[in-house]
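Ready to work through a structure on your own? Grab a pencil, try each exercise, and then check the steps below it.

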Amino acid sequence: NNCSNFDNKRWEVPLLIKCESNNLFFFPFESSIWRAMFYIDQAISLNVLEDEAMAFQTGFGLSKFHLICSKLDNSKLENSIKNFHNTKYYIDQYNMTLKDYKYSKLDNDLEKRTNYLVTRLSSHIDYVRFLLKSLNKCRIDKKIIHGDPKLNNFLFDVKFKYVVSLIDLDTVSSGFLLTDLADCIRSICNLAGEDPIIKENVFFDINICKYFLEGYFSKNKEKIHSSFNFLPEFIYLIIFELTIRFLTDFLQSNRYFKINYETQNLFRAEVQYRLLSSFIPQISNLSNVLHEIGIFPSSTFVSDVQKFV
């Protein structure tokens, strides 16, 4: 077990149960595909972290997951979702949707809210395209990643509150470790949650980010390599990416993300944009946190991105 280098705490891998009737791991029923998994006992999932110690444990848990997967051959892994985390593709989809969009469908308030986001995002798009080209030249190695390590995909031990599993493995794919780190940070550092009661409560909590990073890098310090210098860029890109995905889905009448009410994806886009606007002024603080760990981000990015505040 690769986890033995880490600690002696339990770690559970979500296991599928084979179907007796067809000897497969799925069961077709009424035009749907069903599967069963072993229940992971004495564990809870959360939508918002309880404290800083759990931020540390989330980082530690993601690091453990990456270590377990590091011995696997990522070239044998098919990506289950086409264009997943392909920011350029999401921008293209957004632009195509916007080009044909009829604002007459919206009432005054919704039109104002949508226009506000469209205007604000337009100032980011050219820079994001430039940033993606720059990062492509850096040749960052691909590894096996979870793909969607948001907080509620972590299971915590009920009693001791350490991570015992990372679930929802449909998105496991070949990608950048930085994508996982950035997406997890995006999720846990918004203590108001992705669907807060009041969007004005949303901000990027740099303190939670610090504890998460300390947890992630608390073991195997030798795994810190130069690609981690690009973590601030990846956090910026992932929050931007999710903002644009939620907004596109709203403009496309909510085809992808599940919703409880018609304008939820617009609200989610506004929440992510608030998080982005809160993150940007704190990038220099994040750089200081990373310096303490032994990671040295680009000062050019820090100064360039401030223009979008």
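**Exercise 1.** Which residue takes a positive phi in the hairpin of strand 7 and strand 8?

*Solution.* Before we start, this is a predicted model, where local features need pLDDT of at least 70, side-chain atom pairs count only at pLDDT 80 or more, and totals for chains, interfaces and linings use all residues. Residues are numbered from 1 along each chain as its sequence is written, and side-chain values use heavy atoms, with hydrogens and water left out.

Step 1: find the strands; helices (H or I, at least four residues) and strands (E, at least two) are DSSP runs, numbered from the N terminus. Step 2: look at the five residues between strand 7 and strand 8. Lysine 161 is the residue you want, with a phi near 60 degrees.

**Exercise 2.** Work out the strand order of the three-stranded sheet and say which strands stand at its edges.

*Solution.* Step 1: two strands pair if DSSP finds at least two bridges between them. Step 2: check the bridges. Strand 5 and strand 7 are joined by two, and they run antiparallel; here alanine 43 sits opposite aspartate 157 of strand 7. Strand 7 (residues 154-157) and strand 8 share three bridges, again antiparallel, and phenylalanine 154 has leucine 166 as its bridge partner in strand 8.

Step 3: put it together. The sheet is open, with the order 5-7-8. Strand 5 (43-44) and strand 8 (163-166) each have a single partner strand, so they are the edges, and one side of each has no neighbour in the sheet.

Step 4: add the helix. Helix 1 (residues 52-69) packs on the sheet and touches strand 7 and strand 8 (contact means heavy atoms within 4.5 Å).

**Exercise 3.** Is tryptophan 34 buried or exposed?

*Solution.* Step 1: recall the cut-offs: buried means under 20% relative accessible area, exposed over 50%, partly exposed in between (1.4 Å probe, protein chains only). Step 2: compare. Tryptophan 34 has 52% relative accessibility, so this residue counts as exposed.

Step 3: look around. Tryptophan 34 lies in strand 3 (residues 32-34). Leaving out residues up to four places away in sequence, tryptophan 34 touches Phe25, Phe26, Phe27 and Phe29.

**Exercise 4.** Find the residues with the most contacts inside the largest nonpolar core, and the helix that gives the largest share of that core.

*Solution.* Step 1: a nonpolar core is a set of buried Ala, Val, Leu, Ile, Met, Phe, Trp, Tyr and Cys residues joined through side-chain atoms within 4.5 Å. Step 2: the largest one holds 85 residues, and Leu213, Tyr236 and Leu247 have the most contacts inside it. Step 3: helix 6 (residues 231-251) supplies the largest share, 14 residues. Don't miss the second, separate core of five residues, which includes Ile40, Ala43, Leu155 and Tyr162.

Why do such cores turn up? In soluble globular proteins, nonpolar side chains tend to be buried together.

Notes
Axes fitted to C-alpha atoms, helices over the stretch in contact; angles between N-to-C directions.
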